[in-house]
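Please open the model in your viewer and keep the selection panel at hand. We will walk through it stop by stop, choosing something to select each time.

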There are 2 protein chains.
Amino acid sequence: MYKKIRRVLVGRPLKNEALNDQKMGVLWGLPILSSDAISSVAYAGQEVLMVLIPVIGLGAYRQMSFISVSIICLLMLLMLSYRQIIDSYPNGGGAFVVAKENLGIHAGVTAGAALAVDYILTVAVSISSGVEQFTTAFKEFKPYSVLIACALVVLLMIGNLRGIRESSRIFGIPAYLFIFGIVIMIVWGIINIKRGYVPPPPKNMPAVVEPLSIILILRAFSNGCTALTGVEAVSNAVPNFKNPSKKYAKRVLFLLSMIILILFGGSSVLANLYKVNPQGNAMLVLIAEEIFGHGFMFYYITATTFIILVMAANTAYSGFPMLISLMAKEGYAPRQLSMRGDRLSYDNGIILLSIVASILMIIFKAKVTSLLGLYAIGVFISFTLAQTGMFVKWKNSQEKGWKYKAVINGIGAVVTAIVVVIIAFTKFEEGAWLVVILIPVLIFMVFKVKKHYNAVMRQLRLKPEEIAEFDINKAVYTNRVIVPIESINRSSLRALRYARTISENVVAFSVAIDDESAKKIKEKYDALNIDIPLITKYSPFRRVVDPLLKFIESAEYDYQNGDMITVILPQFAVKKWWHKILHNNTRYYIERELLKHKHIVVSVMPLQLRDDDFVLNNPKYD
Amino acid sequence: MYKKIRRVLVGRPLKNEALNDQKMGVLWGLPILSSDAISSVAYAGQEVLMVLIPVIGLGAYRQMSFISVSIICLLMLLMLSYRQIIDSYPNGGGAFVVAKENLGIHAGVTAGAALAVDYILTVAVSISSGVEQFTTAFKEFKPYSVLIACALVVLLMIGNLRGIRESSRIFGIPAYLFIFGIVIMIVWGIINIKRGYVPPPPKNMPAVVEPLSIILILRAFSNGCTALTGVEAVSNAVPNFKNPSKKYAKRVLFLLSMIILILFGGSSVLANLYKVNPQGNAMLVLIAEEIFGHGFMFYYITATTFIILVMAANTAYSGFPMLISLMAKEGYAPRQLSMRGDRLSYDNGIILLSIVASILMIIFKAKVTSLLGLYAIGVFISFTLAQTGMFVKWKNSQEKGWKYKAVINGIGAVVTAIVVVIIAFTKFEEGAWLVVILIPVLIFMVFKVKKHYNAVMRQLRLKPEEIAEFDINKAVYTNRVIVPIESINRSSLRALRYARTISENVVAFSVAIDDESAKKIKEKYDALNIDIPLITKYSPFRRVVDPLLKFIESAEYDYQNGDMITVILPQFAVKKWWHKILHNNTRYYIERELLKHKHIVVSVMPLQLRDDDFVLNNPKYD
């Protein structure tokens with residue numbers, strides 16, 4: 001049954017060779033990797049206004065223009081910097097790999113942890129914003145925001161468990177539809193005004209409460225910076241591109257930057273022209289309402305914005321598992337996260353991402369303004385580390401033209417570092433503190449994991465002289481066998497017979513609750529006439545493991561140091577799932593306790609049970 | 001850690017000998033077994049009024065008197081009938097055993113299923129009513145009813161997991177305090193009226209809506225019958241009494257009946273005198289308010305009523321696990337439910353009861369009126385079957401004075417059967433339908449379980465000629481060993497060495513993802529110079545189980561029918577719990593798949609990992 005569910009969710013397994021076939025070009029790579037950055041148009045500008053309007057009223061629109069321009073400059077700088085990373089690191093991994101190779105493992109792990117946190121927030125913020133678009137247009141669904149958000153995460157999880165290419169195809173088309181729609185809206189909106197349309201005065205616009213302050217501008221700027229999260233996704237995902245992957249990746253990065261420029265800049269212009277006051281509603285939907293009324297284009301903008309935000313969350317679904325698996329392969333995360341799943345995606349990372357993002361959305365009630373306090377700081381930490389790493393790399397390489405390249409990455413490093421400080425400072429109380437604590441905790445855990453794998457590796461490793469010493473071709477110890485039996489039946493006799501074939505030194509072992517039952521089993525056993533001795537122990541606590549271990553340690557058993565003891569446990573293999581609960585599953589408990597002892601091997605001997613009806617209708621079993 | 005939690009919850013394990021010491025006499029047996037019946041005073045009368053008042057207004061009180069008298073007659077009849085059951089069945093089991101032995105297994109299982117359903121409802125109804133007492137006195141807690149109810153069930157569960165005697169001592173005293181308090185209230189309330197006190201006219205009393213109808217009276221009567229649930233608990237629990245257990249049990253049954261008579265009758269008289277209108281509040285608390293105002297006795301009645309209702313739920317905690325374990329011992333329920341736990345109680349039954357009762361309370365929002373639709377039908381089915389069984393028993397025995405005894409049980413059977421029909425008919429739409437469906441479903445499941453155990457028993461059983469044929473002293477087959485290896489390390493070499501000691505016929509088996517990795521492991525393996533052949537298979541799906549099974553079936557392996565194949569799987573035994581998630585737990589998956597094949601034994605070989613710090617600081621491992 002489990003297999004069937006899995007088949008439905010994940011689809012049929014793919015061979016290794018199919019891997020290259022799953023890779024993407026510009027046409028599908030652009031929508032799947034850029035949707036995070038593109039979709040932030042839906043909340044970045046809006047949240048800039050939500051900071052400014054309550055304090056400086058109408059003055060907010062003017063300040064928004066300045067902030068938008070500076071963010072677009074930042075975008076251009078990042079694009080130039082990341083082009084150089086794509087060229088130097090065609091195998092992907094982005095900040096983690098770049099920082100690790102050039103600045104050392106601590107910087108690498110820091111970048112990795114910061115980025116991991118940000119991927120999770122990408123899912124939480126994008127989905128929450130998507131739901132906000134929807135509930136701005138359809139207000140009656142507002143009370144169900146959290147539920148809708150979690151349902152969307154589950155859908156994304158299933159989609160991604162089914163594999164990369166299918167997701168890019170399904171998710172590619174709406175991204176283009178979104179870009180198309182917003183461009184139409186920008187053009188139409190500007191023409192409208194040029195033709196003399198005068199928008200109604202903004203509603204609920206507060207008067208100036210305080211004078212404009214640097215700190216206010218910086219807080220608004222911090223919110224605006226969320227527009228730039230997702231730019232790094234392209235450089236992390238270079239190996240996901242078809243060959244020549246560097247070329248495709250750079251082309252996607254360039255197109256992405258241009259699209260953000262047009263959409264983010266254009267929607268800022270519209271907000272300015274139409275003086276929209278979001279107040280916790282979705283700005284793009286409000287603008288569309290002003291420009292198009294409740295016509296087709298209004299629903300078109302709402303729908304495509306909603307969908308592009310879901311796609312944005314999907315960006316994290318390609319980036320996060322790849323980052324984690326990269327870390328896991330080097331032992332910095334549980335190894336399970338490094339395994340490619342049936343459909344060649346990273347199942348465990350996908351599931352982990354979904355769970356953590358859902359928890360965040362539940363805690364913050366799927367409110368974008370609340371979640372935004374945590375966002376962007378992680379990604380700007382990783383930007384800084386990656387750019388610093390590149391700067392060091394160029395400096396050390398001294399290759400032709402290194403100075404020009406070092407300057408670009410150097411400026412990138414300094415600017416993004418300043419942004420980190422600005423965000424951490426201005427958003428500290430609004431949630432950034434959580435990230436500031438979480439990232440060091442993650443780093444600590446990551447090094448603990450690495451340390452453990454190191455210790456395991458050293459214990460497993462054999463030096464050449466140890467291999468000689470091991471002398472595997474000689475039997476260096478005696479294997480002794482103990483067969484715990486509850487009663488005399490087919491299962492216990494099979495176990496005893498098996499025991500004889502693997503050792504000369506076998507005892508049967510039974511635990512009795514009282515003298516009477518001890519006598520009973522002894523009589524039955526003796527009647528079998530087996531040359532294996534039966535040991536019976538009385539257990540006042542009705543337990544098997546304790547008396548067994550006590551017996552092994554007793555003088556009676558005469559255990560020689562170095563001997564191996566094999567304990568044979570019978571197990572019913574049942575035909576129907578519900579039959580499992582009908583058999584005392586003490587086997588698992590006994591096995592777990594015994595395996596804590598290094599000289600004990602546990603052998604599980606299955607007895608295949610036949611179908612109930614078959615047995616009951618077969619005279620052989622009467 | 002698990003063990004520590006368990007120790008705190010369940011206490012230290014007790015020896016078998018301690019069992020008799022845990023048994024109860026009249027002093028503690030009365031409160032623990034009778035609290036179900038006694039406590040129903042808190043809701044039975046109240047729910048009679050809640051049916052009558054909305055339809056016939058003030059006329060309800062007069063009708064209530066008639067109904068109370070008929071219920072007290074029913075109680076006397078049941079007491080006489082059950083005295084005879086205690087005499088005939090000193091080993092307990094009540095309806096299940098009586099019906100099974102005299103009417104056949106189908107009647108027995110029906111009685112068992114009906115009673116099991118009713119025990120669950122006893123917990124749900126009593127706890128909900130307890131919470132209702134509390135929230136009638138402290139209205140501000142009404143919104144948290146379900147939460148409080150579930151918390152109480154958890155407390156009861158923990159208390160009962162700690163064992164029988166402790167619960168009876170803790171829970172015994174308040175039962176006496178309750179009886180004392182209600183008796184004081186009855187006496188005081190009647191004296192008050194006699195001295196000329198005139199109670200205020202009843203509030204919100206509706207006018208007569210419909211004329212009095214038979215069906216209305218019967219519906220009210222059905223609610224009143226819930227006062228009698230719990231009478232059977234005494235006969236089920238005879239083996240829980242000290243010796244002479246029959247004498248003690250009968251004495252407790254008699255005292256219990258007298259107490260119900262006084263409390264139920266007396267509180268009906270008070271409701272009548274003071275014209276209390278419950279309207280979803282607790283009747284006893286309202287009466288106490290009228291008689292005592294908000295003084296000490298008001299809080300005393302509220303508190304002791306609350307506590308006695310919790311004790312009533314506790315009755316089910318002694319009755320349900322014993323009933324289920326009785327059925328489980330004969331194979332009619334999963335065997336786990338037959339095991340005595342560490343503290344000599346039936347842990348699994350206790351946990352099951354708690355879970356199902358909590359689910360019911362959550363669904364019905366802990367409302368007594370809603371839950372009462374499901375209640376009492378189960379227990380009256382079991383009454384009917386037990387009495388019918390006793391009637392048949394006397395008829396067949398023809399012992400001295402059998403006619404007199406048969407008449408008592410015969411009347412009991414007929415009357416309780418009529419009550420079953422009345423309840424099922426009048427409460428069908430209010431929830432009885434659920435029970436009417438649930439009981440047959442349970443019966444079906446019970447027989448499925450029994451059938452499975454039968455089939456297993458037949459497969460395990462060995463006839464004398466089969467034992468001879470088994471010929472355990474001869475090795476009748478070859479044991480072959482396969483050691484799957486991932487890489488060459490200490491763990492895999494240990495497994496290979498162990499393999500050599502248990503068989504002459506060993507192969508090492510490795511799965512490679514591509515040719516390169518296959519070549520690599522082959523080279524390393526050859527360098528070891530072992531005389532065990534290495535088989536390498538290429539797996540496009542990166543799986544171990546499928547290629548291994550395919551190899552076993554291949555001509556290359558030359559498997560002879562009847563041979564046993566032992567597959568050795570290494571397993572890390574880790575020092576810290578979180579280390580478990582760091583190792584690919586594919587072992588469990590592989591084991592599960594392999595154990596589906598009857599000729600395969602899985603041997604788990606533990607490698608004890610040392611502490612990380614120890615390894616990393618030890619030059620031996622450098």
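Start with helix α5 (residues 60-88) and helix α12 (residues 245-274), both in chain A of this predicted model. The two pack at an angle of about 180°, and their axes lie 10 Å apart. Angles over 145 degrees count as roughly antiparallel, and α5(A) and α12(A) are therefore roughly antiparallel to each other. Colour the residues of this contact by class and you should find 15 nonpolar, six polar and four charged.

Next, zoom out and colour chain A by domain. The domain assignment gives domain 1 as 2-454 and domain 2 as 476-621. Taken over C-alpha atoms, the centres of these two domains of chain A are 58 Å apart.

Now bring chain B into view. How is chain A superposed on chain B? A rotation of 179° with a shift of 0.1 Å along its axis does it, leaving an RMSD of 0.2 Å. That is the relation of a two-fold axis.

Select the place where the chains touch: 67 residues of chain A are in contact with 66 residues of chain B. Among the elements of chain A that each supply at least two residues to this side are α19 (432-460), α21 (490-502) and β5 (600-608). The largest share, 10 residues, comes from α19(A). By class, this side of chain A has 36 nonpolar, 17 polar and 14 charged residues. Of the interface residues of chain A, 99% are also interface residues in chain B, so the copies meet through the same surface.

Stay at the interface and select β5(A) with β5(B). These strands pair in the antiparallel sense over three bridges. Click on Val604(A), and look for its bridge partner, Val602(B), in β5(B).

From there, extend the selection to the whole sheet. It is an open sheet of 10 strands with mixed pairing, in the order β3(A)-β2(A)-β1(A)-β4(A)-β5(A)-β5(B)-β4(B)-β1(B)-β2(B)-β3(B). Its edge strands are β3 (534-538) of chain A and β3 (534-538) of chain B, each pairing on one side only. From one strand to the next, the twist averages 30°.

For a look at parallel pairing, pick β1 (residues 479-484) and β2 (residues 505-512) of chain B, which are joined by five bridges. Here Pro484(B) stands opposite Phe509(B) in β2(B).

Finally, add two helices of chain A. Helix α22 (residues 515-528) lies across β2 and β3 of chain A, running at about 170° to β3(A). Helix α24 (residues 586-594) lies across β4 and β5 of chain A, at about 160° to β4(A).

Definitions and conventions
Residues numbered from 1 in each chain as written. Chains lettered and ligands numbered in written order. Predicted model: local features only at pLDDT ≥ 70, side-chain atom pairs only at ≥ 80, totals over all residues. Contact = placed C-beta atoms within 7 Å. Helix = DSSP H or I, 4+ residues; strand = E, 2+ residues; numbered from the N terminus. Nonpolar A, V, L, I, M, F, W, Y, C, P; charged D, E, K, R; others polar. Pairing = 2+ DSSP bridges. Domains from an automatic or database assignment. Least-squares fit on C-alpha atoms with pLDDT ≥ 70 in both. Axes fitted to C-alpha atoms, helices over the stretch in contact; angles between N-to-C directions. Parallel < 35°, antiparallel > 145°, perpendicular 65-115°, else oblique.
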